[in-house]
Amino acid sequence: MSDIVIRAEALGKRYRISHRRERRGDDSAYDSSPKHEDFWALRDVSFEVKRGEALGIIGRNGAGKSTLFKLLSRITETTEGKASIRGHVASLLEVGTGFHPELTGRENIYLNGSILGMSRAEIRKKFDEIVAFAEIERFLDTPVKRYSSGMYVRLAFSVAAHLEPDILLVDEVLAVGDVAFQRKCMDYMKRLARSGITILLVSHDLFAVKTMCRRVLALSGGRLKFDGLPAEGIDLYEKDSRLEADPWAAGIIGEDIDQWPIIIRFVELLDADGSPRTVYDYGERMRVRIHYESRKPVRHPNFYLGIRRPDNVVCCSFSAARDGATVPTLDRSGVIELLTPPLRLVSDLYSTYAGVWDREFKNLYCGQIGPNFHVRDEVLNQHFGVFHVPGEWRWGVNGHKNIGSGE
Amino acid sequence: MQEQSVIPQQAESERFDLLIEAGRGEKNYWRDLWRYRELFYFLAWRDILVRYKQTAIGIAWALVRPFLTMLVFTFIFSRVAKLPAPGSVPYALLVFAAMLPWQFFSTALGEASNSLIGNANLISKVYFPRLIVPAGSVITSFVDFLITLGLMAGMMVWYGFLPDWRLLTLPLFTALAFGSAFGAGLWLCALNVRYRDFRYIVPFIVQFGLYLSPVGFSSNIVPERLRLIYACNPMVGVIDGFRWALLRGQSPLAAPELIASILVTSVLCLSGIWYFRRTEKTFADII
């Protein structure tokens, strides 16, 4: 007996997209293009998953992640290839599927449980656990249509999480609920993984993927581009996403030069010595190069760099005007460089975004998403706060004896 | 960066529970259906529960609704239409005995044909044997039918007209009604997924069906030579059977017609299952 629970061999899914044949106005001839076009949402995807593995699946929108899940959970049929599966598969494609708004929390637990494949006896056994996990005891007999969205999501996740399948497919469900609950869900999934349940996780939340999974698959355009360690896969995905960010910026900026007089072409992250980096140690300095192109002279552009955590908390930011720098009037392309003080951020994945304001932060001239980076530290993580700055410690009431500072 | 895992030669000893492959007739289907058997119950339970949520008199509607429907139809057909009744049977009972299966058939058909679309979010998000959805709708309607059957019993006591041994054959005719509603429902709900036209066609079928079935009249007013063709409407056999079983055989039941109805129902059921199974794999893609 080998320990492989999923074996996908050259899986593919084709959709037919129909186009409307339109009369051409000028010569009233019919468009000669075919009426149907084939679109491969997924093609030639092969991989194996072992029992108890936590596998992350990443990729941009439309890369085929959800299609892969739909095939594995038998919601839709494959067009080619095959997949062999051992054990019971449960999928959490969208929390709350099958909830009926008119029914109470109690009734929905039974309904949702049975839709997801639990027997009545199983649900009854798990009932208290589900309610406790969702923290909705007081509202058990309230119709879920009156629930807050947080309660709704908590209940839905809780039912699905107590399924005890052999293989659990999780699609983007961690993007909901408050941060505390997200953390709880993640801890719970880690516990499931430890107990031998195989977990496949689709997420755009790279932090979640990184902490949950020992291996990732990166999909792009319906094809499997990478299968291996999370750090490498995430790197690849980020490169892929950056390609996406450029056209986005070009699109949003538009033609109005008065409104968007300056464009940020791209942002580079380097170490203090000037070589490219994506991982920094706690306390390291970061050099940021912002490549801009000014389409019209801009007086005193106020360059700005923000650093954001995966849960969208802006942890810190730098601004030329705030930091006492006066940038001269810019009228062509160029680079502006920022050397940060030693970064005191705790270890996590961060994203950057750059922008140009006027000196008073009244007008935003442009904005662009920059690369992501990791901060690495053995000890300091989110439990220590957003950042950590060492303090001075003294012993005794009046503190006459300095016992050292953190540096 | 291309780095795909290499698939080793499959060892003979490996056993997978499930093989997902294009065009594969799933041998697990009927086993899955059995595994998900409680879902029949839960979906029906949900539909019944939801129907009477936030109503003042609650579940009492389950009694009031069919009773009022019966009252209206009995009045229309016995007072307004003035159709002749055979033997000593009170006209109201004659109508009621026919309304009973008809009401079941028409609501079951209507609900079943819209069932897949109504549960589109489930279909596109979760796997379970899809057959459960239309079947669940028929079961929901069946619960209403049982309640109405209780009303029928009350009416028979009221008129002092009690059934004889023939009552024991009622389950057979009930099964026939169930089968024809289920079979037709399967066809219509599967077609409805792709062609929403059926959403408008079904109400017509139900409306015309009422006049094409011997609900307000007795089927012996149909000319003798047309009887067999007439019985191709499966509800003819069902309604005649209900009358025969409930009204001490005072309303006639002809064997050839009954057999024709049974045959049509069987064909409807089997072909319905065949068509449903053939198309259900694409439901999630096109719904």
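What percentage of the 287 residues in chain B do buried residues make up? Buried residues make up 39% of chain B, where a residue is buried if 20 or more other C-beta atoms, placed from the backbone, lie within 10 Å of its own, exposed if 12 or fewer do, and partly exposed in between. The structure is a predicted model, in which local features need pLDDT of at least 70 and side-chain atom pairs count only at pLDDT 80 or more, while totals for chains, interfaces and linings use all residues. Residues are numbered from 1 along each chain as its sequence is written, and chains are lettered from A and ligands numbered from 1 in the order in which they are written.

We begin with the two chains. Chain A has 407 residues, of which 41% are buried. Its secondary structure consists of 7 helices and 19 strands. Helices (H or I, at least four residues) and strands (E, at least two) are DSSP runs, numbered from the N terminus. Chain B has 12 helices and 1 strand, and its strand comes before the helices along the sequence. Two residues are in contact if their C-beta atoms, placed from the backbone, lie within 7 Å. Among contacts in chain A with a separation of 6 or more, 70% are between residues 24 or more positions apart. For chain B, 80% of the contacts between residues at least 6 apart in sequence join residues at least 24 apart.

Chain A is also divided into domains. Domain 1 covers 4-236 and domain 2 covers 256-384; such bounds come from an automatic or database domain assignment. The C-alpha centres of the two domains of chain A are 35 Å apart. Contacts between them involve 6 residues of domain 1 and 5 residues of domain 2. On the domain 1 side, helix α6 (residues 206-212) of chain A gives the largest share, 3 residues. That side has 3 nonpolar residues, no polar ones and 3 charged ones. Here Ala, Val, Leu, Ile, Met, Phe, Trp, Tyr, Cys and Pro count as nonpolar, Asp, Glu, Lys and Arg as charged, and the others, Gly among them, as polar.

Next comes a sheet that includes strands from both chains. Strands of a sheet pair through backbone hydrogen bonds, either parallel or antiparallel. Two strands pair if DSSP finds at least two bridges between them. This open sheet has 4 strands in the order β2(A)-β1(A)-β4(A)-β1(B), with antiparallel pairing. Its edge strands, β2 of chain A and β1 (18-21) of chain B, each pair on one side only. From one strand to the next, the twist averages 20 degrees.

Within the sheet, β1 (residues 4-18) and β2 (residues 36-50) of chain A are joined by 11 bridges, and Ser18(A) stands opposite His36(A) in β2(A). On to β4 (residues 80-85) of chain A, β1(A) pairs over 5 bridges; here Gly12(A) stands opposite Glu80(A). The step between chains, from β4(A) to β1(B), has 4 bridges, and Leu19(B) is the bridge partner of Ser84(A). Helix α1 (residues 65-72) of chain A lies across these four strands and runs at about 70 degrees to β2(A). Axes are lines fitted to C-alpha atoms, for helices over the stretch in contact, and angles run from 0 to 180 degrees between N-to-C directions.

The contact between the chains involves 45 residues of chain A and 33 residues of chain B. On the chain A side, β1, β2, α1, β4, α2 and β9 (223-228) each supply at least two residues. By class, this side has 16 nonpolar, 15 polar and 14 charged residues.

Helix α2 (residues 105-115) of chain A is mostly covered, with 10 of its 11 residues buried. Tyr110(A) and Leu111(A) are among them. The buried residues of α2(A) pack against α3 (120-134) and α4 (149-161) of chain A, and against α2 (37-51) and α5 (120-123) of chain B. After α2(A) comes Gly117(A), with a positive phi near 105 degrees.

Last is the largest nonpolar core. A nonpolar core is a set of buried Ala, Val, Leu, Ile, Met, Phe, Trp, Tyr and Cys residues joined through C-beta atoms within 7 Å. Of its 174 residues, Ile57(A), Ile199(A), Leu201(A) and Ala181(B) touch the most other members. Helix α4 (residues 91-118) of chain B gives the largest share of this core, 16 residues. Both domains of chain A contribute at least three residues each. Leaving out residues up to four places away in sequence, Ala181(B) touches Phe104(B), Phe105(B), Ala108(B), Leu109(B), Ala112(B) and Val138(B).
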